[in-house]
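This briefing covers a protein–DNA assembly. Please look over the sequence and the structure before reading on.

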Number of protein chains: 2
Amino acid sequence: MSSTRSKTSKRSSRGDRTRERLLNAAVELLEEGGYAAASVAAITERGGVAAGALYRHFPSKAELFVEVFRTMAESKLGHLREASAVPGTAVDKLDAIVREFTSSSLSQPRLAWALGYEPVDPLVDAERLAYRQTYRERLAELLRRGIEAGELPEQDAELTAASLIGAISEALVGPLSPVRGERVSTEKTIVAISVFCRRAVGA
Amino acid sequence: MSSTRSKTSKRSSRGDRTRERLLNAAVELLEEGGYAAASVAAITERGGVAAGALYRHFPSKAELFVEVFRTMAESKLGHLREASAVPGTAVDKLDAIVREFTSSSLSQPRLAWALGYEPVDPLVDAERLAYRQTYRERLAELLRRGIEAGELPEQDAELTAASLIGAISEALVGPLSPVRGERVSTEKTIVAISVFCRRAVGA
DNA sequence: CAGCATAGTGAATCCGAATTCACATAGTCG
DNA sequence: CGACTATGTGAATTCGGATTCACTATGCTG
């Protein structure tokens, strides 16, 4: 494909930079108006190229979004990993993760909504599902450690993990949804969710 | 509109029956292949009429689905109400509701998926959101009673309610999703979810 | 500079639905 | 029966985007 990137790394070629700009444009549009706002026309316009150019860099619009989602999810995953590096018991780590997840979602509502819930495209949905699964596995692993350590009661770690993710998501939907109702204090929300999760795992 | 239904009730007119058949066809198709399978063509074919006929009964496909969703949600709401009529403490009622919700979803996976999660149409999504809100309020009300009665610890009932719904939903997604993984025992799943919820509310 | 590949252009095309509409047909009422 | 309304027909139209493509521009390499 791009024989030009053979420079191992160095300064990126024109094409590579356009590619980047398109990806960024997609993210921005997602933040601003969700998937509906992110048409090929809009993306390419913001990227400063004509519509057709997109197809020099991605086989389809869907594939572009797969990449967007993959990137963002990977980054979020990184943050969660960092958060869980906090010293302490498994429960402490769990709590750190929950808080990180909650607060980052609250600070970029529309994006979080788009990443986690908004109907996009079958291809992208699959990607999303896959990452959700990854989150779940991470959590489950942590839970298992907590159980072994006797910090948590015996339970189906996978199911609990899934439930936790669902609980956090749903609790956030109100605040996240473009159709926002009454705005509640962010800090209060985080604490409430954190408490709920602690109780839910049996801490 | 239908001056014919002036017979107060009696036997339904031809039109009314076609209307019913279309609604049923839509539900069936939803069960079988999700929203994707429920095109106007498919619905009308199954209903035994030509495509255009649909528009004699509904202003648009979306409106038809709004009605489908409303009906099903109303029915589910009814079942939950029945379930919560079980004698006992607020926690008992809560548990009954959780079990009812879980088991009914598991027995009609595809339909539950379509009703609860599958991206459909903005108009329908709004309807769905509204009912979710209703579920949430019901649950919250119950929780509040439990808190007052001292059966449950002090907490934000609304948030807990939302979290519970999210937890159940997500825990079911695996089993519900068309992309089913390993099949787990229905009974086990119900129990596990029930236990999780009890813990989560602080029972 | 010639030559070739990579990038970019943007109007035309495609595509898969929903929706419309001019024309039947069935039902009802006086 | 005759007229008038409710229903049904289904091919043609619409529609909103994604995608293509013949052509042009850019930039590197020898």
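Which element gives the most to the surface near DNA strand C? That element is α1(A), with three residues. The model is a predicted one. The points below describe the surroundings of DNA strand C, and then how chain A and chain B are related.

**Surroundings of DNA strand C**
- DNA strand C is surrounded by 18 residues. The closest are T18(A), A50(A) and R56(A), along with Y55(B) and K61(B).
- Of the atoms of DNA strand C that come within 4 Å of the protein, 66% belong to sugar and phosphate.
- By class, this surface has eight polar, five nonpolar and five charged residues.

**Polar atoms at the phosphates**
- A50(A) has a polar backbone atom 2.2 Å from a phosphate oxygen of DNA strand C.
- For Y55(B), a polar side-chain atom is 2.7 Å from a phosphate oxygen of the strand.
- V40(B) places a backbone N or O atom 3.1 Å from a phosphate oxygen of DNA strand C.
- Two or more residues each come to the surface near DNA strand C from α1 (14-37) and α3 (54-57) of chain A, and from α3 (54-57) of chain B.

**Relation of the two chains**
- A turn of 180 degrees, with a shift of 0.0 Å along the axis, lays chain B on chain A with an RMSD of 0.1 Å. The two copies are therefore related as by a two-fold rotation axis.
- In chain B, the residue that comes closest to the rotation axis is A200(B), whose C-alpha is at 1.9 Å.
- The copies meet through the same surface, because 100% of the interface residues of chain B are also interface residues in chain A.

Terms used
Residues are numbered from 1 along each chain as its sequence is written. Chains are lettered from A and ligands numbered from 1 in the order in which they are written. This is a predicted model: local features need pLDDT of at least 70, side-chain atom pairs count only at pLDDT 80 or more; totals for chains, interfaces and linings use all residues. Side-chain values use heavy atoms; hydrogens and water are left out. A residue is near a molecule or strand if one of its heavy atoms lies within 4 Å of it. A polar contact is a pair of N or O atoms within 3.5 Å; within protein, one must be able to donate a hydrogen and the other to accept it, and residues adjacent in sequence count only if both atoms are side-chain atoms. Helices (H or I, at least four residues) and strands (E, at least two) are DSSP runs, numbered from the N terminus. Ala, Val, Leu, Ile, Met, Phe, Trp, Tyr, Cys and Pro count as nonpolar, Asp, Glu, Lys and Arg as charged, and the others, Gly among them, as polar. Copies are superposed by least squares on the C-alpha atoms of residues with pLDDT of at least 70 in both. Contact means heavy atoms within 4.5 Å.
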